[in-house]
Amino acid sequence: MIEFNNVYKRFGETMAADGITIGFPAGQISVLIGPSGCGKTTLMKMINRLEDPDSGTVSINGSPVSDRDPVELRRSIGYAIQEVGLFPHYSIFENIALVPRLLKWPEHRIKDRVMELLDLVTLDESYVQRYPAELSGGERQRVGLARALAADPDILLMDEPFGAIDPINRSTIHNTFLGIQEELRKTIVFVTHDMQEAVKLGDAVAILNAGQILQFDTPEQILSNPESDFVAELLGKDRRIQILSLKKNSEYASMDGVVTLPESQSSPENAKIALNSAGETIAFLVSETGALTGRYYLDGDRVVRDAKPLHLDRKMDLRETLSMMLETGERLLPVTGKSRTLIGVIRLEKLVEEVASL
Ligand SMILES: Nc1ncnc2c1ncn2[C@@H]1O[C@H](COP(=O)(O)OP(=O)(O)OP(=O)(O)O)[C@@H](O)[C@H]1O
Ligand SMILES: [Mg+2]
């Protein structure tokens, strides 16, 4: 647990922290969001003593950080930021090995750790001898994440770490990051400008303005009950659609009314009978193990077989699903789990009803 108690920090006329009292729970991702200059980076830097408060206390697990040696403290906390990033003249290996080296780990342990981390951030071994300039922006950010995790710190401070990545790669790195967190359960403070990112990654989101915390709540609460006009405005007009990004396909998929046919007895005739009696237009073919292997759909009076139907991963969120439906024109899509097991379907009308009811 990281706690701020009545913390003030002024730079000249600017109040970067104006009476901050907040607690970031252990093992969770707490996101800070707010306009440029509102004090997000300063708040984060007071945790690893890159800045010290003018008054008030910052403590980790009940001990004030002001009692800790700043250098030792910084080595015990992972730090990932957008701009400074990696050292250009160090190879990827040397970049990731930085903190373990400073901590004087034995060489073989460092080597194992670097390999383990590359694997964790889904980069293969061929990357170790390369230099940052030879990597894409998204790959560099993965290395930045690996470096922050290198010495296995309990706390990770991340200041817009994925800011420079395009939306498609950002979505991939978000999923990698959430997968890692599911396993490691670090205490993470994460700064972003992007509300969609805040809502997707945060267990809780803190809205800051002019050195003050306006609201600190779960993404659901923030989106559904913004405490002030300022917060509502920051959330933007598509607030309702954003709520969809909080729900996973797996929680929402349903087998209600779904027509399935065992692969072994599938024929266009059977499909047509089953569809007509259920009043549906799509039937899914499933193998003995429950895997999705195809579909039949009605096209006017004809039944068409489709051996490679589009399907949604159970971990995708409803916002991604909605955009995929709008892009492809599909009104009903199957959701699959491990080994392509059919776990249910999502219907466009239901999603639209969901948005309208929020
Ligand atoms: N070392 C410093 N000296 C003087 N002023 C500073 C210093 N560090 C921060 N400030 C000021 O304090 C305020 C808060 O800065 P901070 O970097 O915390 O903002 P931020 O919320 O991270 O902004 P951004 O979203 O642009 O990164 C700003 O007005 C900034 O100019
Ligand atoms: Mg900042």
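Helices H3 and H4 are oblique to each other, and in this predicted model they make a good place to start the tour.

Select H3, residues 92–102, together with H4, residues 107–120, and look along the pair: the two helices pack at an angle of about 125°, with their axes 10 Å apart. That angle falls outside the range of 65 to 115 degrees for roughly perpendicular and is not over 145, the bound for roughly antiparallel, and the pair therefore counts as oblique. The crossing of H3 and H4 is right-handed.

Now show the side chains at this crossing. From H3, the contact draws on Phe93, Ile96, Ala97, Pro100 and Arg101, while H4 contributes Ile110, Arg113, Val114 and Leu117. Colour these residues by character and the contact of H3 with H4 divides into seven nonpolar and two charged residues, with no polar ones.

Move next to ligand 1 and select what surrounds it: Phe11, Thr14, Ala16, Ser36, Gly37, Cys38, Gly39, Lys40, Thr41 and Thr42. Two elements, strand S2 (14–24) and helix H1 (40–45), each give two or more residues to this shell, and the largest share, three residues, comes from H1. With the same colouring by character, the shell around ligand 1 shows six polar residues, three nonpolar and one charged.

Finally, zoom out to the whole chain and colour it by domain, with domain 1 covering 2–243 and domain 2 covering 249–357. A line drawn between the C-alpha centres of domain 1 and domain 2 spans 39 Å.

Conventions
Residues numbered from 1 in each chain as written. Chains lettered and ligands numbered in written order. Predicted model: local features only at pLDDT ≥ 70, side-chain atom pairs only at ≥ 80, totals over all residues. Axes fitted to C-alpha atoms, helices over the stretch in contact; angles between N-to-C directions. Helix = DSSP H or I, 4+ residues; strand = E, 2+ residues; numbered from the N terminus. Parallel < 35°, antiparallel > 145°, perpendicular 65-115°, else oblique. Left-handed = near helix turned anticlockwise from the far one by under 90°. Contact = placed C-beta atoms within 7 Å. Nonpolar A, V, L, I, M, F, W, Y, C, P; charged D, E, K, R; others polar. Domains from an automatic or database assignment. Near = placed C-beta within 6 Å.
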